[in-house]
Amino acid sequence: MSLRELLTEKRDDILQEWYKAILDTYPKEAAAFLRRNRDRFENPVGQRILEGIEGLLDEILGDFDEKRIKYFTDRVLRVRAVQDFNPSVATGYILALKKAIREVIEDDLSPELWSEFLDLLDKIDEIALYGFDIYMACRERLYHLKVEEWKKRVFLLLKRANFIFDEREGSLPQQ
Amino acid sequence: MAKLPKPEELFDSIDWTPPETDWMDTPVEFQPGRWCYPAKKKVVEDLGFPNPREWSPADEDWKIPSNWREIVLEGMKERLEKYRSFKLFMDICVRCGACADKCHYFLGSGDPKNMPVLRAELMRSIYKGEFTLPGKIFGRLAGARKLTEEVIKEWFYYYYQCSECRRCSVFCPYGIDTCEVTMMGRELLHLLGININWILEPVRNCVYIGNHLGLQPHTVKENIEYLCWDIEEVTGLKIQPSFNRKGAEILFVAPSGDYFADPGIYTFMGYLVLFEYLGLDYTLSTYASEGGNFGLFTSHEMMQKINAKIYHEAERLGVKFIIGGECGHMWRVKHQYMDTVNGPAPSNLEVPKSPITGTVFEHAKSTKMIHICEFTADLIAHGKLELDPSRNDKYVVTFHDSCNPSRGMGFFEEPRFILKHVCNNFYDMPENTIREKTFCCGSGSGLNTDEFMDMRMRGGLPRANAVEYVHKKHGVNMLACICAIDRAALSTLMQYWVPEVGVCGVHELVANALVFPDEKTGKKKRTLDLRQQPLKPEDEENV
Ligand code: SF4
Ligand code: SF4
């Protein structure tokens, strides 16, 4: 049995372990809620995390498509970037997958699977690096929005004073 | 949809009773992005509020008066006697936990003290510990504790992490309204000079000048005239609204954000275009130049003071009734408090009667003030507006029920009725996220400031998440709302969570769809929307 087959077989257990490790980063009342409520509208944080980690694991076991990996990583990190986490804890959920996998397949990890296993770890590291980019992009977006919001707030005053470069003016017919 | 983990494995005993003791031992940590800047000394002085000083929540010493304990306990006692609801809410919670997971701030942050039951408990534990016998005797066992400076800090942190949206109260079997506990918390903090600038500065400006930003009468007038030029670009209409005109039939009051903020200005242009279409006899006021009322987020007295100017102006100008624009908390004030705190309405006012349809708005018999959406919905219902909804075809629209009009006044149908007539593509968000169960924008009750950005984005996630759903499912690209704070706050929220979706007011879309007689005969042609963008980008004729 290849490592991929083994992981595919144990997919659900791995996800379970992984999700548990992520929930451990939340206060216990919150973790209980995230775990309990399955409604995607009433529990957007829990459901986004599940969507994100399930998607990532399937990419790791499947095509490892960069675009989709970034999408699934974004699902989780966009949330964690505005929660009470240091950057390391926010992005650390990706690396927590290593531990989750080890815990589930430890007993089955025979020496002939090692090289495949090392490849797998590399893949997770690669995702973690994407994760840093996405986390930073989210934080930068927030700062950008702070500035944009101020401009919008007094938009007309700035516009009247000719202080706005308003690209929408481009749609006006020539005077 | 994610399928894991398996429910049966997860339904291990989850206890929804909030922790009895340990939350009391968790001191509040003041992290940036989670609290708002304190009010400036000068602003507090101008308002005559207690204890003006330079201070910061990040400091160890908040420089509160030495007899602060007496002040707060006295203030609490007074309010327990004055407001029956407050006393009731302190007494009757059975800690069933039904409200626990209903607050958007809890959903987004996971901070247990953002569970409404615990937010109220921050106050209730003091009530028990200081005012009830069992609490005094059994202390913690009875969920009671003593008032300390740490508690004051915690109150500040968490009563300014509640947007007074009242979602929790919808789910409470006893109707406990944690929003009102927050209001009391904020009032008590004011007694010590603990408050935030984002609320108090607009309050000061309203009191001294008339609107949140402190725009002088000539600036208000010039701004609105500038919008009229833009309207002329789009429609060819030369609109000249009157200001402070005595003898007009109607006084129109909008939130000030609508005449200087983006995208609120397009909503304001929408009002003006509609009134022009109808030939309405209305006037604008440069004194009652603000529908919003941050007094609501400060104290009952301040709310009363700020709201009074609307009746003053209606009386001075001798109008017959008042129409109010698309604003959220403004309508909570009008609907729930205006009658009792500022009423009776001046005697020159009459029961609002639409001059176009003859409809008498009986429900406003006492306040003499109606919502512009009621007015417009009535026009549409009577077939008084010639509308071409295809002019809004580039938009696939959904509607955000702002907390105050929806939960504060049960206003669900009118805006939807209008939207369905002015655009062809309308889709509601899922049932458990709209109407009385609507999710807050995350920035309500004066928390729409930039230093509070992290909390706002977390608190707004449940709302944004539902918008994303209809965006993906139906291609929704425009989020309509009837609140000026929402127009600003949701724009930012969308930019973070669902950047493909824009934000607009309902009357912006009304004006786009409104067909003027000259346009009907083909004498004039409308090619631009109020944002001066092509109505139909793919249409060659628009270029
Ligand atoms: S009123 Fe709204 S913000 Fe405040 S506790 Fe209730 S749900 Fe949360
Ligand atoms: S739902 Fe009402 S009674 Fe139940 S815990 Fe919340 S406030 Fe208390």
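Contact here means heavy atoms within 4.5 Å. In this predicted model, B:Trp155 touches, outside the residues up to four places away in sequence, a set made up of B:Val72, B:Met76, B:Leu122, B:Met123, B:Ile126, B:Arg145, B:Leu147, B:Tyr160, B:Leu188 and B:Leu189. B:Trp155 belongs to the largest nonpolar core, which holds 156 residues, and it is named together with A:Trp18 and B:Trp497 as touching the most other members of that core. The element that gives the most to this core is helix 7 of chain A, spanning residues 114–153, with 12 residues. A second core, separate from the largest and comprising 85 residues, has B:Leu237, B:Ile265, B:Val319 and B:Val510 among its members. In soluble globular proteins, nonpolar side chains tend to be buried together.

As to confidence, the model scores an ipTM of 0.92 and a pTM of 0.93. For chain B the mean pLDDT is 93, with 95% of its residues reaching 70 or more. Residues 1–20 of chain B, however, have a pLDDT below 50, although this stretch has 44 contacts in the model beyond near neighbours in sequence.

Chain A contains 8 helices and 0 strands, so that its radius of gyration of 21 Å can be set against the 16 Å that the globule rule gives for 175 residues; the value is well over that figure, and chain A is therefore more spread out than a compact globule. Along the principal axes, the C-alpha atoms of chain A fill a box of roughly 75 × 40 × 25 Å. Of the 175 residues in chain A, 49% are buried, and among its contacts between residues at least 6 apart in sequence, 67% join residues at least 24 apart.

Two ligands were examined with respect to their surroundings in chain B. Ligand 1 is surrounded by 13 residues, the closest being B:Cys103, B:Arg119, B:Cys162, B:Cys165 and B:Cys168. Helix 5 (104–109), helix 6 (116–131) and helix 10 (178–191) of chain B each contribute at least two residues to this shell, whose composition is 7 nonpolar, 3 polar and 3 charged residues. Around ligand 2 lie B:Cys93, B:Val94, B:Arg95, B:Cys96, B:Gly97, B:Ala98, B:Cys99, B:Val117, B:Cys172, B:Pro173, B:Tyr174 and B:Ile176, and this shell divides into 10 nonpolar residues, 1 polar residue and 1 charged residue.

Several features of the backbone were also noted. A cis peptide bond with an omega of about 10 degrees joins B:Asp262 to B:Pro263, and B:Pro263 is placed in the loop that runs between strand 1 (250–253) and helix 13 (264–278) of chain B. Another cis peptide bond, with an omega of about -5 degrees, joins B:Gly343 to B:Pro344; B:Pro344 lies in the loop between helix 15 (329–342) and strand 4 (369–371) of chain B.

Positive phi values occur at A:Phe64, where phi is about 55 degrees although the residue is not a glycine, and at B:Lys63, likewise not a glycine, where phi is about 50 degrees. A:Phe64 is located in the loop between helix 4 (44–61) and helix 5 (66–80) of chain A, and because its relative accessible area is 18%, A:Phe64 counts as buried. B:Lys63, in the loop between helix 2 (41–47) and helix 3 (68–82) of chain B, has a relative accessibility of 42% and therefore counts as partly exposed.

Technical notes: Residues numbered from 1 in each chain as written. Chains lettered and ligands numbered in written order. Predicted model: local features only at pLDDT ≥ 70, side-chain atom pairs only at ≥ 80, totals over all residues. Heavy atoms only, no water. Core = buried A, V, L, I, M, F, W, Y, C linked by side-chain atoms within 4.5 Å. Buried < 20%, exposed > 50% of the residue type's maximum accessible area, 1.4 Å probe, protein only. Helix = DSSP H or I, 4+ residues; strand = E, 2+ residues; numbered from the N terminus. Near = heavy atom within 4 Å. Nonpolar A, V, L, I, M, F, W, Y, C, P; charged D, E, K, R; others polar. pLDDT = per-residue confidence, 0-100. Rg over C-alpha atoms; globule rule 2.2 N^0.38 Å.
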